[in-house]
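Visitor: I'd like a close look at one part of this protein, residue by residue. Could you take me there and then show me how the rest compares?

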Amino acid sequence: MVVIQAEGVSKSYGINTVIAGASFRIKAGDKVGLVGRNGAGKTTLLRLLAGVEAPDSGRIVISEGVRLGLVEQDPSFDSSAPLIDVVYSGVQELLDMEKDIARLSREMSAPDVAASPDRLKRVMRDFAVLTEEFERRDGYSMDSRVAGVLAGLGFSREEHLRPVGSFSGGERTRVALARALLARPDVLLLDEPTNHLDIPSTAWLEDFLADYDGTVIVISHDRQFLDCVVTRILEVEDHRVVEYAGNYSSYVEEKQRRLTQQETAYELQQKEIARLEGMLGRYTALSARNNKFARRAEDIRKKLARIERVERPVLKRKSMGFSLSSAGHSGEQVLRAKGLAMRFGDRVLFEDADIVVRRGEHVGIVGRNGVGKSTLLHIITGRTEPSAGTVRLGAGVVIGYYDQQHADLAPDRTVLEEMLGSTSMTPQEARNLLGRFLFKGDDVFKRVRDLSGGERNRVELARIMASGCNLLVMDEPTNHLDIDSIEVLERALAGYEGTLLVVSHDRYFLERVADRIIEVENGRIVDYPGGYAYYVEKKLARQTGGDDGSAPQGGKDGANVPAARRACRVSRPSQVRGGRVNEEGACDIDTLEKQIMELEATIKQLNAELADLEIYLYPDRMAEKAKSLADAEKRLAECYKKWEDLAEII
C-alpha cells in the first residue's frame with residue numbers, strides 16, 4: 001500500500017529553488033533515510049511530506065486515514081506543562097478511551113441501567129466496541145510503554161514532573177520524540193532525532209524504529225543509525241530527489257557505481273557527438289557542390305538534435321577544507337589529573353579519578369547524557385574548578401577548545417570579525433581561511449546570531465585550524481554537520497599529530513578518530529586502552545560476566561584493575577514501593593511481569609464476557625464481572641508502578 005506519493009513536486013523560496021520536479025512513492029512499512037548536504041532541502045522536503053508547507057507545483061498525496069507524526073529539531077510546548085503530561089498527550093486518544101471504558105463499566109453495574117434491558121444492551125454494545133479497539137491499539141500496555149520510552153530516551157523518574165520549559169533545547173527535542181513514538185502514527189517523520197541523544201539512547205531508538213510496524217522517514221547524519229534503521233535512501237542533491245535501495249552503506253556504494261557509469265556514458269557520448277559534429281562540418285562545406293551532401297548534413301543535424309544528453313557527473317563537490325597542524329611538540333605527558341572529583345550538592349558526577357594522557361594519543365570520551373563529560377572537558381581546559389583533585393598540563397601544551405554550545409562566539413560579531421578577534425590574521429588571510437569553510441562573498445558579514453548550527457560549527461573549526469594547537473579538546477563536534485563535512489573532519493583528525501580529547505556520540509566518528517576510550521559511568525571514570533570497537537567488545541564482556549579483567553584501566557595512575565562483572569539486576573537488598581530485591585541480588589521483576597501478563601489476560605477475558613450481550617439477562621452476574629474488572633485494572637496499575645520503580649533502579 002502506498003501511503004505517500006509525490007508527483008512533480010517543486011518548492012522555491014524567492015529566487016532560490018530547493019526542490020524541482022520530485023516524484024517518488026513511499027509504501028507502508030518503508031524505513032526511509034533522507035540524506036544530503038546541509039542546505040540541500042532535506043528539512044523542506046520533510047515539511048512538505050508532513051503537510052506543514054505546501055509545494056509551489058506538483059502535489060503530495062497522503063492515503064486516506066493515514067496518520068502522520070512529525071518531530072522537528074526545534075519543537076514548541078507549553079513551558080509550564082510537566083514532562084509526563086506532555087508525553088502522555090501523545091496517547092490522548094487512548095486516555096480518552098480508557099475514561100470512556102471506565103464510565104461504561106460503572107454504568108453497566110448501576111441499578112437503573114441494569115433495570116432497563118434496552119439501555120443495558122446499548123451500554124454493553126458500546127463497551128464491547130470500545131474495549132476491542134482499546135485492546136487492538138495496545139491500550140493495556142500504555143503505562144509501561146510510556147515508562148519504557150522515557151527510560152530509553154534517558155529521562156529519569158525524578159524528571160517526570162519537571163516543567164518542559166526547564167529543559168534544554170536538546171532535552172525538549174527528546175520530549176517531542178517520546179511523545180511522537182508513543183502516538184504511533186502510521187508515518188513517523190523525524191528530523192535529526194539523534195542530535196541530542198547519547199549512545200545508549202541512540203541504540204535504543206535504533207531498535208525501536210527497526211521494530212516499528214509503521215513507516216519511518218528520517219533525516220540523520222549518523223551513518224551507523226542509518227545503517228541499522230533504514231531500508232531505502234532518498235538523496236536530495238541539486239534540487240532533485242534520487243532513490244536508492246538499501247541502507248546508508250549500500251547507498252554510498254550504489255551512488256559511486258552510478259557516478260562511474262554516468263561518467264563513462266558521458267565520455268562515450270561526447271566522443272560520438274564530436275564525431276557527428278565533425279561529419280556535419282564536412283558535409284555542410286560540401287553541400288554547396290552537391291545537394292546529396294546537404295541532405296546528409298541535415299540528417300546528421302537531426303540526429304544530433306535527437307540525442308538525449310547525458311549530464312556530466314559531479315565527481316568531486318566543494319567540501320570544507322579542514323586541516324590541522326600542531327604548534328610544535330609538547331612534553332611526553334600532555335595531561336595528568338589526580339584524585340579528580342566533581343560534585344554539585346549531593347550529586348556526584350565523578351570522584352577519585354586519575355587520568356594520564358600522553359603526546360599523540362587520540363582519546364574518545366563517552367557516557368550517558370548528564371554524567372559529566374562536558375564538565376570534565378571544562379575542568380581540563382581550566383574553565384571550571386574541580387571539587388577535589390588537580391589537573392596539570394605538560395610543558396609546551398597549547399590548547400584548542402571546541403565548545404558544542406559555541407559559548408566563545410560573540411553573537412553580535414560578524415563571522416569575519418570573530419576570526420579577526422580570535423586570531424592574528426589579516427582580513428585577507430581570514431577571508432581566505434573562511435572560504436575554505438564554505439563562507440563565500442558576503443557570507444563573512446553574517447552576524448553569528450543569525451548563523452545555523454552547522455555554520456557556527458564551521459566558524460569554530462576555522463578558529464581551531466588557525467590556532468595551531470597541540471592539544472585539541474572537542475565537545476560533540478559532529479552535531480549539525482552534514483555527512484560530507486563529518487568525513488572531512490574525520491580525515492583531518494585521523495592525520496592530526498597532536499593530542500586529541502573528544503566527546504562524541506557518533507560511533508562511526510569515534511571508531512575512525514579515537515585509539516583510546518574513556519567512559520564516565522556511575523561516578524567513575526573507566527579507561528579502555530583501545531578504539532571504539534574494542535570498548536564495545538569489552539563493555540559487552542563486562543555486562544555478560546565474560547570479561548577477563550584486562551580491558552579497563554582505572555584507579556591510581558591508570559594501573560590495571562579487574563573489571564567489575566555486572567549482571568542486569570539490582571545488586572543490594574532494598575525495598576522500593578513494594579517491589580523487593582532478594583538477597584542474591586536478583587529483583588522480583590520477573591514475578592511482577594508474570595503477574596502483569598496474568599492480569600492482562602484476566603482483563604481481556606472479563607471484557608470479552610461483558611461484551612456478550614446475553615449477560616444482561618443476569619444483572620447480578622454482570623455486576624460481579626464489572627467489579628472484578630475494576631479490581632483487576634486497579635491491581636494492574638499497581639503492578640505497572642512497581643515494575644517502573646524496579647526498572648528504574650536496574
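Guide: Happily; here is a walk that begins at a single serine and then moves outward.

Please keep in mind that this is a predicted model. Our starting point is Ser-330, which sits in the loop that links helix H11 (291-306) with strand E10 (333-344). Is Ser-330 buried or exposed? Its relative accessibility is 7%, and because the cut-off for buried is under 20%, Ser-330 counts as buried. As for its company, leaving aside residues up to four places away in sequence, Ser-330 touches Arg-359, Ala-395, Gly-396, Val-397 and Asn-470.

Now step back to helix H11, at the other end of that loop. Lys-302 belongs to this helix, and with a relative accessible area of 45% it is partly exposed. Lys-302 also joins Arg-296, Lys-303 and Arg-306 in forming a positive surface patch. So, the loop holds a serine that counts as buried at 7%, while helix H11 carries a lysine that is partly exposed at 45%.

Next, two backbone details that a computational chemist may like to check. Most residues other than glycine have a negative phi. Asp-352, however, has a positive phi, near 50°. This aspartate is found in strand E11, which covers residues 347-358, and it is partly exposed, with a relative accessible area of 49%. Asn-522 likewise has a positive phi near 50°. Its setting is the loop between strand E17 (516-521) and strand E18 (524-528), and at 64% relative accessibility Asn-522 counts as exposed.

Towards the end of the numbering we come to helix H20, residues 619-649, where Glu-624 lies. Glu-624 is exposed, with a relative accessible area of 56%. Which residue is 515 positions from Glu-624 in sequence, yet 8.2 Å from it in space? That partner is Ser-109, with the distance taken from C-alpha to C-alpha.

Finally, the whole protein gives these local views a frame. It has 20 helices and 20 strands, and of its 650 residues, 46% are buried. Among contacts with a separation of 6 or more, 68% are between residues 24 or more positions apart. The protein exposes about 31,600 Å², with carbon and sulfur atoms supplying 48% of that area.

Note on methods
Residues numbered from 1 in each chain as written. Predicted model: local features only at pLDDT ≥ 70, side-chain atom pairs only at ≥ 80, totals over all residues. Heavy atoms only, no water. Helix = DSSP H or I, 4+ residues; strand = E, 2+ residues; numbered from the N terminus. Buried < 20%, exposed > 50% of the residue type's maximum accessible area, 1.4 Å probe, protein only. Contact = heavy atoms within 4.5 Å. Patch = residues over 30% accessible without salt bridge, like charges linked within 9 Å, V, L, I, M, F, W, Y side chains within 5 Å. Areas by Shrake-Rupley, 256 points an atom, 1.4 Å probe, with all protein chains shown as cover. Salt bridge = Lys/Arg side-chain N within 4 Å of Asp/Glu carboxyl O. Lys, Arg positive; Asp, Glu negative; His and termini not counted. Charge placed at Lys NZ, Arg CZ, Asp CG, Glu CD.
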